[in-house]
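Subject: Structure handover

Hi there,

Here is the structure I promised to pass on to you. Please open it alongside this email, and I will walk you through what turned up.

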Amino acid sequence: MYFFQLAMTSCHIGSVQVLHHVTLSLPPRARCVVAGPSGAGKTSLLRLLAGLQAPSEGSIRLDDADITSLPPERRGFGWVGPDPGLLPGLDAVAQVDLALRASNVPQSQRRDIARRALESFGLAQRLGHSPHQLSSGEALRVALARASVASPRCLLLDEPLARIDPTQRARLRQWLARWQEETGGSVIETSHWLHESFQDASHVLLLRRGYVVQFGEANDVRRSPASPGVADFLSTLPVWWSIPANAPQNGWHGPLPARAASCDLVGVRLERASWHATPSHLPCLGPLRVVRIQDLGLLPCVEAVFPSGELRRVPWRHLEPPPTSGDVGWAWFSEDAVVVARLDDRC
């Protein structure tokens, strides 16, 4: 049984078609990340689901009921965008009260419900504060409390976590997980913080120029990207790619995985590899000649020349002494770093 279904849904804004025949099915309690480069159609898709934008063709179904023409207030969804959208003349409690009023909650209960919702976000000391008295993280938490207080069927989140620090993002992701456990609701979010979002995602939808590039369960998308472009988009460091027949000349040592025999390309996610001074008895890449060490914050890397002549980065995980310019080493990796793909690069 599916919770959400879009069938061949397209959308125009003026004369521009921003979504092309999008088909999507999500089970109950899904946590779906919608990703893609800028201009891919991520926000347009969420606006379509919320009822803020009408499709030019196709249908939207919720629990097998057609909601294509339903107005936003009758869909039972919560929305939070990049801007919290708080009204300047209202304190935090009054902001949340607005959502309860729209849901026909009795006036005698609204203030207590709003206070409890804000307290669950750690805002007990900010109940009477207006938007200009709140930090960006506090304003976002007020917006999330307002969006979730009326127990919506689904939260639609259009990159609301982009402006807050990693610690706050982690806490809010934990809150979203608890909210789903307690209410059984779903979450559909757009995100540029893919590696954080993927940790919680059950499903992933990748868009480019309004087209669906790949959709599926998160683990399946990680293991089997639809194209080299998808694999590179989902990786911190560019993937090392080679035609299987040329892999040994390009640096692959050891047996190729059996699944590479039926594919056009075999790749290694280099962010999952690690630099070593000696080759491994398992498959590895090398020999690699060091150019320099680059400190990328949490991921120090060795910049090295591969046998193919490419200059690539390999994480140096402090397992060995740091190499110096001119040293030769190897990139070790495990099976989960290996990907295979067709040459149909649609993303």
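Let me start with a small puzzle: which residue in β9 is the bridge partner of Ala-35? That partner is Leu-206. Before going further, please keep in mind that this is a predicted model.

**The sheet**

Ala-35 belongs to β3, a strand that pairs with β9 in the parallel sense over 4 bridges. Strand β3 also runs parallel to β8, again joined by 4 bridges, and there Val-33 stands opposite Glu-189. In general, strands of a sheet pair through backbone hydrogen bonds, in either a parallel or an antiparallel manner.

If you zoom out, you will see an open sheet of 6 strands in the order β6-β7-β8-β3-β9-β10, with mixed pairing. Its edge strands are β6 (77–80) and β10 (211–217), each of which pairs on one side only. From one strand to the next, the twist averages 15°. At the β6 edge, 4 bridges link β6 to the parallel strand β7 (residues 154–158), with Phe-77 opposite Cys-154.

Helices pack on this sheet too. Helix α1 (residues 42–50) touches β3 (31–35), β6, β7, β8 (186–190) and β9 (203–208), and its direction makes about 150° with that of β7. Helix α5 also packs on the sheet, where it touches β3, β7 and β8; the direction of α5 makes about 150° with that of β8.

**What is buried**

Is β3 enclosed or open? It is largely enclosed by the rest of the structure, because 5 of its 5 residues are buried. Arg-31, Val-33 and Ala-35 point one way from the strand, while Cys-32 and Val-34 point the other way. This fits the general pattern that side chains in a regular strand alternate between the two faces of the sheet. You may want to look at Arg-31 in particular, a residue that is buried along with the others in β3.

Helix α1 is mostly covered as well, with 7 of its 9 residues buried. The buried set consists of Lys-42, Ser-44, Leu-45, Leu-46, Leu-48, Leu-49 and Ala-50. Right after the helix comes Gly-51, with a positive phi near 90°.

**Two helices side by side**

The axes of α4 (residues 136–148) and α5 (residues 166–183) come within 12 Å and cross at roughly 10°. With that angle, α4 is roughly parallel to α5. On the α4 side, the contact involves Gly-137, Leu-140, Arg-141, Leu-144 and Ser-148; on the α5 side, Gln-168, Leu-172, Trp-175 and Trp-179. Sorted by class, this contact has 5 nonpolar, 3 polar and 1 charged residues.

**Cysteines**

You will probably want to know about disulfides: how many are there? The count comes to 0. Take Cys-284, which is in no disulfide: the nearest cysteine sulfur, that of Cys-301, is 18 Å away. Looking from the other end, Cys-301 has its closest cysteine sulfur in Cys-284, and 18 Å is too far for a bond. A pair would need its sulfur atoms within 2.5 Å to count as a disulfide. Cys-284 counts as buried because its relative accessibility is 0%, and Cys-301 is buried too, with a relative accessible area of 0%.

Happy to look at any of this together with you.

Best wishes

Note on methods
Residues are numbered from 1 along each chain as its sequence is written. This is a predicted model: local features need pLDDT of at least 70, side-chain atom pairs count only at pLDDT 80 or more; totals for chains, interfaces and linings use all residues. Side-chain values use heavy atoms; hydrogens and water are left out. Axes are lines fitted to C-alpha atoms, for helices over the stretch in contact, and angles run from 0 to 180 degrees between N-to-C directions. Angles under 35 degrees count as roughly parallel, over 145 as roughly antiparallel, 65 to 115 as roughly perpendicular and the rest as oblique. Contact means heavy atoms within 4.5 Å. Ala, Val, Leu, Ile, Met, Phe, Trp, Tyr, Cys and Pro count as nonpolar, Asp, Glu, Lys and Arg as charged, and the others, Gly among them, as polar. Two strands pair if DSSP finds at least two bridges between them. Buried means under 20% relative accessible area, exposed over 50%, partly exposed in between (1.4 Å probe, protein chains only).
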